[in-house]
Amino acid sequence: MTLAKYACDPGQSRGRLYAEEESTFRSCFQRDRDRIIHASAFRRLRHKTQVFIEHEGDYFRTRLTHSIEVAQVARTIAGVLGLNVELTEAVALAHDLGHPPFGHTGEDALDTLMAPYGGFDHNAQALKIVTSLERHYAEWDGLNLTWESLEGIAKHNGPVTGELPFALSEYSARHDLELGTYASGEAQVAALADDIAYNHHDLHDGLRAELFSTDELAELPLVGPCFARVDELYPGLNYYRRRHEALRRFFGILVEDVITVARARLAELEPGSVSDIRGAGRPMVQFSTEIWEQLKVIRAFLFARMYRAPAVVEMRVQVTQVIEELFPLFMREPERLPKQWRKDVQEAQGEVALARIVADYIAGMTDRFALLTHESLIGGIAADSYVLPRT
C-alpha cells in the first residue's frame, strides 16, 4: 500500500534507543507490533477488566479482547487515510498495557496511594512496561521499540503538558519523545479507535448483563435510528440478531464519521510530512461536533446505568480495599514480593523508589491474581465473582 506523505515511513524512523540489526523481512513497525503481542504484559490483559466481568461471564470484554477490537478499527481507518497500518496497530495493541487490575477503579486507588510518590497514570505505566519492566532480551530491558511507537503510546490522547507523570518524565530525560506536541496521525487513529470500540461494546455488554434494555437504547441518539432502520428492513427479527444489527450500524456510523472528519482536516492542512501533523496545533483525527454531542448523551446513559449501577458501586468499594491493603503490606514487608522483584528492592534508594517498585508489581497483577493474593496474605474478599466499572 502506498503511504501518504504525512504517514510515518518505516524507512525514515527515528530508530530505537538501543541500536540493533534490523530484520530483512519485517519493517521496524512490524517488529514493534510483534514484540508487543509476545510481551508478558499483553498476555495478562486476558484477565484484566475492561468494564466489568463475572467469573462465569465468558462473553464480556476483557482488556485483551478490547485491545484486539481497537487494533481492528485502527487498521481500517489508517488504511483509508493512507497512514502506516503496522505502526497504528502497534500503538493500538499497546495502549492499555499499563492498566492495573480492576480497571479504572484500580487505577484510581493506586493513584491515590502513590500521590506522595509521584502518582500513577496508566499511559505512563504502559511506556514504563515497554521500556523497562519487560525483561526478556539479552541486551536491554523493555522491548526496545522505535521512537514512533513510544511516542504513540505516550501521547496518543494528545500533548502531555504540565507536571509529567514520573514514568514519562524519567524516560523522556533519556529519550526525548517531544511530549508537548501532537502525536503522529497513526497514534491519533489508535486513540479514536479506542473511543469507537468501547462506546460500541459497552452498550453490547450492558445489554448482555441486563443492566438496561434494547427499548431504552432505542431512545438514545445515534443508536435509536439504527434500531428503527433494522426494524424497517427486518420486521420481526430475533431479539439477539436485532440488537447486533443495530449496534453494528452504530459502530459503522462512528467509523465513517472519524474518517470523514480526518479527510476534511487533512485536506485543509495539506500536510507534507508527519512533522506537519505533529505541529498542526490540533488533532487531525476526531469525531464531528454533531456526533460528539450525541455520544456525550450515550456516555451519560452508560455512566448512570452501567458504570454506577448499585452492584458495581458496591464492588468498587471492595476492590479498592484490595489495592489499599496490598500496597502498605508490601511497603512494610517487601520481602513478600516475588523473588525476581527482590533485586530491585535491594537496589532501591529510599521510600519513593520502593513505592514505585510496589506500584509496578501491583499494577501488573490480573484481577483474579490480585484477589487471590489479597485473600492469601490478608484474607477477606474471595476471588469468585465480581463486577467492575469503567470510569
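These exercises walk through one predicted protein model, each with a worked solution.

Residues are numbered from 1 along each chain as its sequence is written. In this predicted model, local features need pLDDT of at least 70, side-chain atom pairs count only at pLDDT 80 or more, totals for chains, interfaces and linings use all residues, and side-chain values use heavy atoms, with hydrogens and water left out.

**Exercise 1. The overall build**

Task: Describe the secondary structure, the overall spread and the surface of the protein.

Solution:
- Step 1. Count the elements. The protein has 18 helices and 0 strands. Both are DSSP runs numbered from the N terminus: helices are H or I with at least four residues, strands are E with at least two.
- Step 2. Judge the compactness. The radius of gyration is 22 Å, close to the 21 Å of the globule rule for 391 residues, so the protein is as compact as a globular protein of that length. The radius is taken over C-alpha atoms, and the rule is 2.2 Å times the number of residues to the power 0.38.
- Step 3. Read the spans. Along the principal axes, the C-alpha trace covers about 65 × 55 × 40 Å.
- Step 4. Look at burial. Of the 391 residues, 56% are buried. Buried means under 20% relative accessible area, exposed over 50%, and partly exposed in between (1.4 Å probe, protein chains only).
- Step 5. Check the surface. About 17200 Å² is exposed, and carbon and sulfur atoms supply 50% of it. Areas come from the Shrake-Rupley method with a 1.4 Å probe; for residues, only the protein chains shown count as cover.
- Step 6. Sort the contacts. Among those between residues at least 6 apart in sequence, 71% join residues at least 24 apart. Contact means heavy atoms within 4.5 Å.

**Exercise 2. Two helices and their buried residues**

Task: Find which residues of α11 are buried, and how many residues of α7 are buried.

Solution:
- Step 1. Take α11, residues 223–233. Its buried residues include V223, G224, C226, F227 and V230.
- Step 2. Ask where they sit. They cover an arc of only 160° around the axis, which puts them on the same side of α11. The arc is that of the directions from the helix axis to the C-beta atoms.
- Step 3. Turn to the other face. The face turned away from the buried side carries the exposed residues P225 and E232.
- Step 4. List the partners. The buried residues of α11 pack against α9 (185–208), α10 (214–217), α12 (239–269) and α14 (289–307).
- Step 5. Now take α7, residues 147–155. Here 9 of its 9 residues are buried. Among them are W147, L150 and I153.
- Step 6. List the partners of α7. Its buried residues pack against α1, α4 (85–94), α6 (122–133), α8 (166–172), α9 and α13 (274–278).

**Exercise 3. The cysteines**

Task: State how many disulfides the structure holds, then inspect C28.

Solution:
- Step 1. Recall the bond. A disulfide is a covalent bond between the sulfur atoms of two cysteines.
- Step 2. Apply the cut-off. The sulfur atoms must lie within 2.5 Å. A search of the whole structure finds 0 disulfides.
- Step 3. Check C28. Its nearest cysteine sulfur, that of C8, is 9.4 Å away.
- Step 4. Read the burial. C28 is buried at 8% relative accessible area. C226 is buried too, at 4%.

**Exercise 4. Single residues in helices**

Task: Place D34, T320 and W292, and say whether each is buried, partly exposed or exposed.

Solution:
- Step 1. D34 lies in α1, residues 28–37. At 17% relative accessibility, D34 is buried.
- Step 2. The side chains of D34 and R33 share a polar contact of 3.1 Å. Such a contact is a pair of N or O atoms within 3.5 Å; within protein, one must be able to donate a hydrogen and the other to accept it, and residues adjacent in sequence count only if both atoms are side-chain atoms.
- Step 3. T320 lies in α15, residues 310–332. At 19%, T320 counts as buried. Leaving aside neighbours within four places in sequence, T320 touches T105 and A109.
- Step 4. W292 belongs to α14. At 31%, W292 is partly exposed. With neighbours within four places set aside, W292 is in contact with F287 and R299.

**Exercise 5. Positive phi in loops**

Task: Locate E178 and E210 and give the phi of each.

Solution:
- Step 1. E178 lies in the loop between α8 and α9. Its phi is positive, about 50°, although E178 is not a glycine. At 29% relative accessibility, E178 is partly exposed.
- Step 2. E210 lies in the loop between α9 and α10. Its phi is positive, about 60°, and E210 is not a glycine either. At 71% relative accessible area, E210 is exposed.
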